[in-house]
2 protein chains.
Amino acid sequence: MGAKETLINHNIRPSITRLEIMEYLLSVRTHPTVEEIYDYLLPKIPTLSKTTVYNTLKLFSEEGIIKLLTIDGAQVRADGFNDMHGHFLCTGCRKLFDFPLGELAGECLDGFDVKTREVYYTGLCKNCQK
Amino acid sequence: MGAKETLINHNIRPSITRLEIMEYLLSVRTHPTVEEIYDYLLPKIPTLSKTTVYNTLKLFSEEGIIKLLTIDGAQVRADGFNDMHGHFLCTGCRKLFDFPLGELAGECLDGFDVKTREVYYTGLCKNCQK
DNA sequence: TTCATTTTTGTAATGATTACAATATAAATA
DNA sequence: TATTTATATTGTAATCATTACAAAAATGAA
């Protein structure tokens with residue numbers, strides 16, 4: 001499903017800005033920060049403001065079409081994909097990797113109503129282990 | 001193992017301040033914020049400063065005897081327990097619950113060197129579902 | 001067009017965290 | 001003990017991501 005349909009399905013008017021942000025999120029799996037989104041789109045949308053990026057991400061996440069990750073406590077990152085995956089942050093190169101995640105076993109959560117799940121590892125990626 | 005032994009084992013001099021912080025972390029499973037630790041200890045240590053709490057938590061976490069959680073992006077929380085458990089944040093009452101965690105299944109992480117793991121759910125606790 | 005609504009923008013405020021220099025405390029040495 | 005050295009703690013000021021807010025711009029309706 002494309003960016004436009006996604007927005008319309010969630011009753012979000014598909015303005016240029018919103019479309020560009022959504023398309024960007026769907027085009028990369030790096031889970032960019034606000035800064036990165038802003039820097040990437042500024043050439044295309046010269047009047048763009050960071051506040052707009054913040055507002056838009058908040059809107060998207062309230063509608064459940066993206067997830068806002070607070071991976072390393074520093075900046076928020078946007079995750080436009082909703083397949084079940086975990087995140088691996090390499091403490092060497094600071095890159096963020098996705099990894100597939102099957103069923104989570106062993107969670108005893110009787111009575112709790114789980115809405116969102118996040119699995120987050122840190123360590124060293126292949127390159128940085130040398 | 002008590003707070004004092006833990007510190008000594010990690011070559012951290014067991015000053016009053018450090019002991020009190022460590023003991024507090026071991027006495028509650030609420031994963032308190034810096035603010036909460038500070039407020040709790042101020043009556044006991046009237047000269048305590050927040051910077052010291054930050055410094056001490058950083059020291060502890062570098063030595064691997066606690067974990068610093070960035071649960072909801074707002075404040076850091078300190079987790080003094082190192083059994084394998086996940087965290088559940090109730091979006092209603094904002095309370096943080098621990099839950100036991102068995103083996104994590106389905107993680108394809110060939111070649112990655114995993115150092116830390118965090119599993120973090122949100123939703124509604126029993127009380128807040130009404 | 002004109003009016004009302006929504007979206008975007010820029011600036012200023014907030015609030016957690018860190019940098020840093022000064023002070024206090026403890027350990028080591030003479 | 002007195003003196004020196006290293007370590008711990010403190011307070012203030014700076015940093016930086018995020019939010020609040022009000023104005024401006026764009027869009028849609030009448």
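**Group meeting: DNA strand D and the A–B interface**

In this predicted model, a sugar or linking oxygen of DNA strand D is 3.4 Å from an N or O atom in the side chain of Arg13(B). That is a polar contact, a pair of N or O atoms within 3.5 Å; within protein, one must be able to donate a hydrogen and the other to accept it, and residues adjacent in sequence count only if both atoms are side-chain atoms.

Some housekeeping. Residues are numbered from 1 along each chain as its sequence is written, chains are lettered from A and ligands numbered from 1 in the order written, and side-chain values use heavy atoms, leaving out hydrogens and water. Local features need pLDDT of at least 70 and side-chain atom pairs count only at pLDDT 80 or more, while totals for chains, interfaces and linings use all residues.

Back to the DNA. Thr52(B) has a polar side-chain atom 2.8 Å from a phosphate oxygen of strand D. For Thr51(B), the partner is a base oxygen, at 3.4 Å from a side-chain N or O atom. Of the strand D atoms within 4 Å of the protein, 78% belong to sugar or phosphate.

Now the two protein chains. Here 35 residues of chain A are in contact (heavy atoms within 4.5 Å) with 35 residues of chain B. How many salt bridges (a side-chain nitrogen of Lys or Arg within 4 Å of a carboxyl oxygen of Asp or Glu) does the rule find across this interface? Zero. The rule does find eight residue pairs in polar contact there, both residues at pLDDT 80 or more.

Definitions and conventions: Near = heavy atom within 4 Å.
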